Every structure is written in structure tokens, then in C-alpha cells.
Amino acid sequence: MVPLKDENPIQITPIVTYVLIAANIVIFIYQLSLGTPELQAFLQDFAFIPGQLSESLQGGSTGDMIPEPLTLVTSQFLHGSIPHVIFNMLYLWIFGNNIEEEMGHTRYLTFYLLCGVLAALTQYIFDTSSMIPTLGASGAIAGVMGAYIFRFPDAKVLTLIPLGFFWFTVRIPAIFFLGFWFLQQAFNSVLTLDAQVNTGGAESMVAYWAHAGGFVFGALLGPLFGLFSRRN
């Protein structure tokens, strides 16, 4: 299911959402301009790598350009492919503006970045030695979606559903669209954990735990950031 838009108008200009989208796109274009060795070095420095965080917490040096904990933030602006950045920005475009309106610009930005950090740490606790770079805005955006499902459960999401050669659109309440998305992430998280137990190593390149964790933290932290303080 691909969300196209939500039927939930706003009365502000969502400046922070626009800036976040622009920053992600500009940085991804920069990534595309790098050759393979330069890109690998760039990701080594700015993507979040659980094993390197563990090493830095034990007093070791990773040789990165920035302290390893800062990659919990910088990794949120990196993406691994064109579909990765397109779908992340689509979800942010659809669901972010309403949450920004409810929280206000400054609190929304703080909330967004904090959800991204907590999402990455959720992934970290399930595989502290992984050397697979974790990158993307998915965890932060999952936090936005977690807040959205509680603030606007009845908002309709115009959704594109491909069925073989046929494509059609339906309007789905946010509580079902986002709830189904969360259940997918939670289910896949359990599957990857089971794979790690059975094989002794990580089997997935997708940070499902970060997605599920970001969603939960977004739902929990939303009220603390003024999600329900504005009266319409």
C-alpha cells in the first residue's frame, strides 16, 4: 500500500517538514555524486554503526570524523537508494505537516530528531556488535506516524493499492493504515531476531526494530511535546 495523501488539511506552513525533506534530498544527491570508495568512507563516518558505538562506549577509537554518538543524528539524513529516500520523504510529507502544526515548529523538530535517536538505539540493543551501517529517516518518521495514529486516528489516507496489473485507490482511516504498517514492522522485527538466534548473526539489511521502536516512542512522547495541547 502506497499513501498518496491524507484528508487532513492544515492552517500553517510546515517549514520544518519542508526543511527536513530538502535536507534529506540534498544530502542524498551529494551521496550520488561520490564514487564508491568516497561513499563508503562517508557512510563510515556519518552512518550509525552499532559495533562502533559499542567500541566508543568502551573507550576505543573508531577513527570517524565525528564522535560516534553523533551518528545517531547524522544517520537520519542518509539513505541507501532512490526508493529509500522517495518513500521516506513521501511519508514525511503526508504525516509530518499535521504533527508540526499540533506541536509547533521547535518542539516538532526536537521530537523528530529524538524519535530518530531512540529508534536507532532500539535497533542497537538487539545487535550491539553489528557492523552494518544503519541509515535513513525511517525511525524518525515512524515516530511521527506513531504520534499521528493517536492524534488523528479517523483521518482518511488516500492509498494506492497495486493488485497485479490493476491499480486502484481507497480511503483508509489512519488507525488502520498506520496500524497495519506498525504490525508489519513488529512482525518482521521478531523474524529478524529469530534469524539472529538461529544463525548467530544479523540476517536483514532493514532496521525493522528501529521502525517499530520509533513508532512506539513517537506515540509515547507525542503528548509530552504538546500533541494534544492545541484546541481546534
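**View 1. A 38-residue nonpolar core, the largest in this predicted model**. Phe-95, Ile-99, Tyr-108, Phe-111, Tyr-112 and Leu-178 have the most contacts inside this core. A nonpolar core here is a set of buried Ala, Val, Leu, Ile, Met, Phe, Trp, Tyr and Cys residues joined through side-chain atoms within 4.5 Å, and buried means under 20% relative accessible area with a 1.4 Å probe, protein chains only. At least two core residues come from each of H1 (15–33), H5 (82–103), H6 (105–126), H7 (138–151), H8 (174–199) and H9 (208–221). Helices (H or I, at least four residues) and strands (E, at least two) are DSSP runs, numbered from the N terminus. Apart from this core lies another one of 7 residues, including Phe-42, Leu-43, Ala-47 and Leu-78.

**View 2. Leu-178 and the residues around it**. Skip the neighbours within four places in sequence, and Leu-178 is in contact (heavy atoms within 4.5 Å) with Phe-95, Met-145, Tyr-148, Ile-149 and Phe-215.

**View 3. The open sheet, in the order E1-E2-E3**. Its 3 strands pair antiparallel; two strands count as paired if DSSP finds at least two bridges between them. E1 (2–6) and E3 (166–173) are the edge strands, each pairing on one side only. On average, neighbouring strands are turned by 25° against each other, direction ignored. H5 packs on the sheet and touches E1 and E2, with its direction at about 30° to that of E1. Axes are lines fitted to C-alpha atoms, for helices over the stretch in contact, and angles run from 0 to 180 degrees between N-to-C directions.

**View 4. Bridges along E2**. E2 (156–163) pairs with E3 over 8 bridges: Val-157 sits opposite Ile-172, and Leu-163 opposite Phe-166. The hairpin of E2 and E3 has 2 residues between the strands, and Gly-164 takes a positive phi near 65°. Towards E1 there are 4 bridges, with Val-2 partnered by Leu-160.

**View 5. H5 packed against H7**. The axes are 9 Å apart, at an angle of about 40°. H5 and H7 are therefore oblique to each other, since that word covers angles outside under 35 degrees (roughly parallel), over 145 (roughly antiparallel) and 65 to 115 (roughly perpendicular). Among the residues making the contact are His-84, Leu-92 and Phe-95 of H5, plus Ile-141, Met-145 and Tyr-148 of H7.

**Notes on the numbers.** Residues are numbered from 1 along each chain as its sequence is written, and side-chain values use heavy atoms, with hydrogens and water left out. As this is a predicted model, local features need pLDDT of at least 70 and side-chain atom pairs count only at pLDDT 80 or more, while totals for chains, interfaces and linings use all residues.

Notes: Buried means under 20% relative accessible area, exposed over 50%, partly exposed in between (1.4 Å probe, protein chains only).
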